[in-house]
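Dear colleague,

Please find the structure below, handed over for your own inspection. My notes on it follow.

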Amino acid sequence: MSIEPQPAFKKLESSLRLKQLMASHFYELDEAARRGSHKIAWCSSVGPAELLRSLGFLVYFPENHAALLGATRKATDYIPAANAIGYSPEICSYLTSDIGACIMGETPLSRAYPGITRVPPPDVLVYNTNQCRAVKDWFQWYSRKFRVPCLGVQSFRQMDEVTTLHVAAISTQLQQLIPPLQEISGTRFDIDRLRETIELSRQCSELWGQVLETAAHRPSPLTFFDGTIHMGPAVIARGTQSAVDYYIFLLAELRQRIEAGVAAVNHENCRIYWEGMPIWGKLRELAALFLRLKTCVVASTYCNSWIFSDLDPRDPFESMARAYTELFITRADACKERYIKQMVEFYRIDGILFHEAKTCPDNSNSLYGMPQRLYQQLGIPTVVIHGDLNDLRLFSEEQAVTRLEAFIEQVQG
Ligand code: SF4
């Protein structure tokens, strides 16, 4: 009896460079925290990182740490510690696992980066509620714990159209952050430095967008699962030259793959769109499942959410305000549906998978009939899988696999 070999993952060569970039990011923060050489700002993932960098802060992103807790499958060890101090099991499992890890004095950074024993303590926390209210509650807990200021931008939500009034209001809030941040950093605000940082962020965004667009090629040189790993620099290092250099390198590798006819998924015969959060602790299993099904998850809302096309150094505050307000997550369903339709056409998608993440309703778009509406409008199958970003107790792998196998069979006709 012959045993069919399991299809192999095709690791990108850029992964080594990515590891080095991530390591320097965390070692730089650790060193700054030890020596007190730089002030450290904690920032929400779609917060005003450019403004913080221009004021000389090193920037740390708790959501990136929380994703690491999920990917290393430690999140469920820590969530109960946050539940015990009153943070419900129903709310964001990034928040509960991250706060829980802090209460228990642990971090996966110690394992990944020898010599690092703790996350770098903040001098200030800065959020933007564009993605949800959880980031504010999350950061306020740390603000009380470390006795440091927590500042933020209150964003608009559920907009069909982003108007000049929305942009002006957010731009004003961003400018109002300058005096307190100057005082904390001890650095005078310099508009030219902000312009330079925005220009680097813009380049990073543009390159990241081009990286993702390579998946429009058939067969695709990368998958959504690659994207969730390689998006790291767009999150934690946008506004720096190292992020720009990284994406130049990655883009070249992907273009080479296209030229050489290398497919991320051998015999790709089905192309899927992933809507919603990743299931961090199951990335490998899900990637293997799709490989086996000869299906490539070619595009996602999640990875595309770090393309900030509006950033423009000539108009720093308005462009930041627009870039951080026009996000998919802040928009009304009609606008989200138009966006997904464009993605379906551009990437030649055969079916849409909605991940309904129990503790992140803001990133779960299957709750109000969107899969059914898109099915009617686009005529391609949709499926909903129930799970969570970090709390694996809310995800049944067996059920998801059965549902996905049936779904792919339906898509492949
Ligand atoms: S968007 Fe979702 S995952 Fe992200 S912080 Fe908010 S609730 Fe948590």
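Which residues touch the most other members of the largest nonpolar core? They are A41, L52, W208, Y247 and Y273, in a core of 122 residues. A nonpolar core here is a set of buried Ala, Val, Leu, Ile, Met, Phe, Trp, Tyr and Cys residues joined through C-beta atoms within 7 Å. A residue is called buried if 20 or more other C-beta atoms lie within 10 Å of its own, exposed if 12 or fewer, and partly exposed in between, with C-beta atoms placed from the backbone.

Before the details, two remarks on the basis of these notes. The model is predicted: local features need pLDDT of at least 70, side-chain atom pairs count only at pLDDT 80 or more, and totals for chains, interfaces and linings use all residues. Residues are numbered from 1 along each chain as its sequence is written.

Overall architecture

The chain holds 19 helices and eight strands; these are DSSP runs numbered from the N terminus, helices being H or I over at least four residues and strands E over at least two. Its radius of gyration is 21 Å, close to the 22 Å that the globule rule gives for 413 residues, so the chain is as compact as a globular protein of that length. That radius is taken over C-alpha atoms, and the rule is 2.2 Å times the number of residues to the power 0.38. Along its principal axes, the C-alpha trace spans about 70 × 45 × 40 Å. Of the 413 residues, 48% are buried. Among contacts between residues at least 6 apart in sequence, 76% join residues at least 24 apart; a contact requires C-beta atoms, placed from the backbone, within 7 Å.

The core and helix α10

Helix α10 (residues 191-213) gives the most to the largest nonpolar core, with eight residues. Its buried residues are L194, T197, I198, L200, S201, R202, C204, S205, L207, W208, V211 and L212. Not counting residues up to four places away in sequence, W208 touches A234, Y247, W306 and I307. The length of α10 agrees with expectation, because its 23 residues should span 33 Å at 1.5 Å a residue and its end C-alpha atoms are 32 Å apart. The expected span is 1.5 Å times one less than the number of residues.

The ligand shell

Around the ligand are C92, Y94, L95, Q131, C132, A134, V135, C360, D362, N363 and L389. A residue is placed in this shell if its C-beta atom, placed from the backbone, lies within 6 Å of the ligand. Two elements, α5 (93-103) and α7 (134-146), give two or more residues to the shell. By type, the shell residues divide into eight nonpolar, two polar and one charged. In this division, Ala, Val, Leu, Ile, Met, Phe, Trp, Tyr, Cys and Pro count as nonpolar, Asp, Glu, Lys and Arg as charged, and the others, Gly among them, as polar.

Individual positions

V235 lies in helix α12 (residues 232-236) and counts as partly exposed, with 19 C-beta neighbours inside 10 Å. Leaving aside neighbours within four places in sequence, V235 is in contact with S45, F61, N64 and W306. V235 and Y60 are 175 residues apart in sequence, and their C-alpha atoms are 10.0 Å apart.

G47 is found in the loop between β1 (40-43) and α2 (49-54). It is buried, with 27 C-beta neighbours inside 10 Å. Beyond four places in sequence, G47 is in contact with V126, Y127 and N128.

Backbone geometry

Three features of the backbone may interest you. The peptide bond from R218 to P219 is cis, with omega near 0 degrees, and P219 lies in the loop between α10 and α11 (224-230). R147 is not a glycine, yet has a positive phi of about 55 degrees; R147 sits in the loop between α7 and β4 (150-153) and is exposed, with 7 other C-beta atoms within 10 Å. For K294, also a residue other than glycine, phi is positive and near 55 degrees. K294 is found in the loop between α14 (283-292) and β6 (295-300) and is partly exposed, with 17 other C-beta atoms within 10 Å.

With kind regards

Definitions and conventions
Two residues are in contact if their C-beta atoms, placed from the backbone, lie within 7 Å.
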